[in-house]
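User: I am new to this structure and would like a close look at one part of it. Could you walk me through how the chains meet, in plain words?
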There are 4 protein chains.
Amino acid sequence: MALANPSLGGRPFATPTLWAAIQYLMPGEDAPEHRHTQNAFRFVVEGQGVWTVVGGDPVPMRRGDFLPQAGWNWHAHHNATQEPMAWIDGLDIPFQYASESQFFEFGRNAVYDDERITPERSRSERLWAHPGLHPVAVARTDYGNPLLAYKWEYTNRALADQLTLEGEGFPATVEPGHAAVRYVNPATATDVLPTIRAEMHRLVRGHQTTPVRETGSSVYQVFDGSGSVTVGDQTWTVTRGDLFVVPSWHSFSARSEAGQTDSDSGALDLFRFSDAPIFEALHLDRTTAKGATS
Amino acid sequence: MALANPSLGGRPFATPTLWAAIQYLMPGEDAPEHRHTQNAFRFVVEGQGVWTVVGGDPVPMRRGDFLPQAGWNWHAHHNATQEPMAWIDGLDIPFQYASESQFFEFGRNAVYDDERITPERSRSERLWAHPGLHPVAVARTDYGNPLLAYKWEYTNRALADQLTLEGEGFPATVEPGHAAVRYVNPATATDVLPTIRAEMHRLVRGHQTTPVRETGSSVYQVFDGSGSVTVGDQTWTVTRGDLFVVPSWHSFSARSEAGQTDSDSGALDLFRFSDAPIFEALHLDRTTAKGATS
Amino acid sequence: MALANPSLGGRPFATPTLWAAIQYLMPGEDAPEHRHTQNAFRFVVEGQGVWTVVGGDPVPMRRGDFLPQAGWNWHAHHNATQEPMAWIDGLDIPFQYASESQFFEFGRNAVYDDERITPERSRSERLWAHPGLHPVAVARTDYGNPLLAYKWEYTNRALADQLTLEGEGFPATVEPGHAAVRYVNPATATDVLPTIRAEMHRLVRGHQTTPVRETGSSVYQVFDGSGSVTVGDQTWTVTRGDLFVVPSWHSFSARSEAGQTDSDSGALDLFRFSDAPIFEALHLDRTTAKGATS
Amino acid sequence: MALANPSLGGRPFATPTLWAAIQYLMPGEDAPEHRHTQNAFRFVVEGQGVWTVVGGDPVPMRRGDFLPQAGWNWHAHHNATQEPMAWIDGLDIPFQYASESQFFEFGRNAVYDDERITPERSRSERLWAHPGLHPVAVARTDYGNPLLAYKWEYTNRALADQLTLEGEGFPATVEPGHAAVRYVNPATATDVLPTIRAEMHRLVRGHQTTPVRETGSSVYQVFDGSGSVTVGDQTWTVTRGDLFVVPSWHSFSARSEAGQTDSDSGALDLFRFSDAPIFEALHLDRTTAKGATS
């Protein structure tokens, strides 16, 4: 179920560069192994128990987990639970379609039995998810992000830590009441994918972000909480699970207005992905954010 | 108490580029705030409860923790416990002395009372010790490593994970029975200090490393376990706490021979620091390690 | 007069990323000052005496000269001769249109009288066109190529030198009979523009290039000589002044078949520009060229 | 004939990192082929007709030419003239000695007859000495500077162009009356050697440079003209051929006082080389120059 931006000529594209789709996998369902040049990620909205097999490494998925997959890696997936699951698929399909750089190949027909296990942590996490530590034996990575899962547990703690530091009077947040982390490739400390930036933002109850305009487009999902967002001249309310787009050079602001049925924290958690790495690599990035150079 | 290499003309230098000293701090003792261009680190050998204040951020220290400090950051330290403590001080003093790039300044006379707390985690760790996550608000760091402590808990787990992966048949270790992690700057994914590389190696009981020659010099400390080491033509036994040097282009091999009184794991844990970043930055690195280009 | 690729939906785009147009300027004609984020260049096909004013620096233009202009620099032009002139305008308009990163501003209405001179060399060339030499005073350039003209004299000599070296038995050419130079930013040694690569190829009489497929699209102009080109399944003859396109992942080969009316050298000189920097920056480059990694 | 700095313990070192020697080669004299890890260059003080063979490429030498040689390239030299010749040999011997990274090998015993020619331009210059142009066939260089000679003709013209631009009111010089160019690797646009920076400075008659302090050491040679220099507290007069050293963090200023017997231009031409790339690579550079960050 792909988002289709009505201003993009009928194609199922969320923005001129990004594809976003909600994917459901039924219990026991497999998807065959394949690979493509498109850079991709999954962000889990609901459920747990499904895993993705990337290069033969089974990666478990739970609500809030972020799973990047750099282009041209073999991958498949399998739902080992009794319940359906939902995640966001984000890819740079529109960009690669427009620039004519897409390649695709099918791999093995079946997932091996020994890949059907559901490990607590993938092999990639056991090698690469230790803060500030690189494995000496595999320190050089040819291409692509070696860390295949960013667990919600760490993301949530990093956001909470920023707000605690802010409460103690130290610089940590984007602005008071607005914490944010960026997912990065631990082997290079650059964006998690060559063409896609991904971030998680947390706005405390009542906080409204300062409007910012940037070149490049973003897709947001309300991961938790509710509130209102203003894009250009339009304002609307959003709640858990909603997806929306901020087009290039449109002003954006969000307001946290969590209600009774929202999470205990009362915060608005916004998952964001954008094409910022393309703009930065080609010197086309421009912003009105304070302190930024245009 | 600095190591003096007898071949270096009477100066208290461990190698032509590196300084190594064992430092003891008595209960309640303070060291006044200062800064210097030398890149430095502490690696805690015994004890806990002392903290270092770097840029006003109190950083707790426990056995096995690694605390880097890039040049020209203000720092002081204080022993809040009832017991003495010991750590290794590693610096690039000989290199900066030889190249005449040293600067030093005294800072505040006293440590502020609100810096005398002993937090569980420093502010730097709360901002930067989340695997694969950067704070958006402070993503650009001008200079120097923003992560001021690498806790033993993470280092130990990363080494154990590598050996488990090896046992499952996956590539993870330097060679069978030899796990190793490198401390890196999470903001840049490069060596933890501009002139100093630091690593922790774990050799399982009975493992002997393949001899390797490299340009550049290293200092090792036996963090845990015991065994024997061969440097060039000489072999000797080492045990917990021992320090030794591997000079440039001298063959090095270590053998794990943990005895009854050693740690449960029976492994030989070797902390290593070297001047490799200097050699790599200036294209002077050369090695006989398998698969390496000289 | 812009090239319109019929497969690109009626827009005047040469390829999905590149715009190519032949521009004629009448004697005495001025174009007012403006700037835009699009990266642009001019390559002079016929005539001389016109100059471009970039940031107040008058740059003379003659047949064979290549004049790059990184985005967001002020520029204007003026024809100081009694004859019309023709050049190729190459820009990344389709790419910036698709990614929604375009900005445009008008500048001064008039060109100043002291800019109407026709210098032998622009200020930019006097600062930056000395081989292997940087001005110490302006060694750091914020953004954009500081060298505003690549004179035909140098390009021609570099190509001739490669063929002479080949004749002496030394490696210099792409393949025997095929010399090629790439225009680079002398301050960074990278492609001449962030999104556009430009090259001049010389095929000696009778030489046929080995077919190559690459991701990304190219526009070629026959600068001198004549021959035939094969793109995918189609082959046609080309002669001086002809423009043609090689789409992404289409095999390309050219054959030099200079006739009696062609230049003395009998060589086929092909000017080429492409979007290769976009593909390389985003790890989407792929080629079948010998020795290349896909 | 090596410079020995009396403060460096009796070793023939000009500074803690740099070696400087005046070398004379008699008519017909050969030096056998060898290579070493030390980065080296020659700067020709007097004479012409000698050439260096680097990797089998004969490189002619004339007064004012600068010939870099990155470490580990085979080289030899031969004097084909009837007169002796003199040049400065500059190397990073003290640095590599101190850091224990030196390697040396002998090569062929004899220079081949076909290498005894004296070409007008070396092969390296025919490939790489075209401003802003890279050979496509050899665009990637593994290591080391591919341009083996920087002819005085280009250096002189670049300096003259800067002073002309200054006279026309445009920014080009370090300060009024002080032109300067830096020799760079054309393939990378970085310093000409990994550990050595080289520059030529021209001070018009009567100009005195603003005093500057920098970390790192420099060696200067008066290439032409005469004047006085102030290093720290000491001032002395210098004339053509004189060599002197500016130690780390010592203030330096020069004054052009060309007399009747000096060159027509009346300018003071100072050749300078320093260890700045070492300091910049390791974040140890610091300066009091205007506008610089320390």
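Which residue of chain B comes closest to the rotation axis, by its C-alpha?

Analyst: Happy to help. This is a predicted model, in which local features need pLDDT of at least 70 and side-chain atom pairs count only at pLDDT 80 or more, while totals for chains, interfaces and linings use all residues. Residues are numbered from 1 along each chain as its sequence is written, chains are lettered from A and ligands numbered from 1 in the order in which they are written, and side-chain values use heavy atoms, with hydrogens and water left out.

The residue you ask about is B:Pro131, whose C-alpha lies 2.2 Å from the axis. Some background helps here: two copies of a chain are related by a rotation about an axis and a shift along it. Chain B is superposed on chain A by a rotation of 180° with 0.0 Å of shift along the axis, at an RMSD of 0.0 Å. Such a fit is made by least squares on the C-alpha atoms of residues with pLDDT of at least 70 in both copies.

Now for the interface of these two chains. Contact (heavy atoms within 4.5 Å) involves 38 residues of chain B and 38 residues of chain A. Because 100% of the interface residues of chain B are also interface residues in chain A, the copies meet through the same surface. The buried area, meaning the accessible area (1.4 Å probe) that two parts lose on being put together, summed over both, is about 3,500 Å² for chain B and chain A, and carbon and sulfur atoms give 66% of it. There are also 4 salt bridges across this interface, a salt bridge being a side-chain nitrogen of Lys or Arg within 4 Å of a carboxyl oxygen of Asp or Glu. B:Asp161 and A:Arg121 form a salt bridge, with their closest N and O atoms 2.8 Å apart.

Chain B also meets chain D. A turn of 180° and a shift of 0.0 Å along the axis lay chain D on chain B with an RMSD of 0.0 Å, which is the relation of a two-fold axis. In chain D, D:Ala281 has the C-alpha nearest that axis, 3.2 Å away. The same surface serves both copies here too, as 100% of the contact residues of chain D recur in chain B. In this interface, 24 residues of chain D touch 24 residues of chain B. About 2,200 Å² is buried between chain D and chain B, 71% of it on carbon and sulfur atoms, and the rule finds 0 salt bridges across their interface.

An aromatic pair takes us across chains as well. Rings of Phe, Tyr and Trp (its six-membered ring) pair if their centres lie within 6.5 Å; planes under 30 degrees apart count as stacked, over 60 as edge-to-face and the rest as tilted. Over all chains, the structure holds 78 aromatic pairs. In chain A, A:Phe66 and A:Phe271 form a tilted pair, 6.0 Å centre to centre with 45° between the planes. B:Trp249 and D:Phe103 form an edge-to-face pair, 5.0 Å centre to centre with 85° between the planes.

Finally, which chains do not touch? No contact joins chain B and chain C, whose closest C-alpha atoms lie 17 Å apart. Chain A and chain D have no contact either, with their closest C-alpha atoms 17 Å apart.
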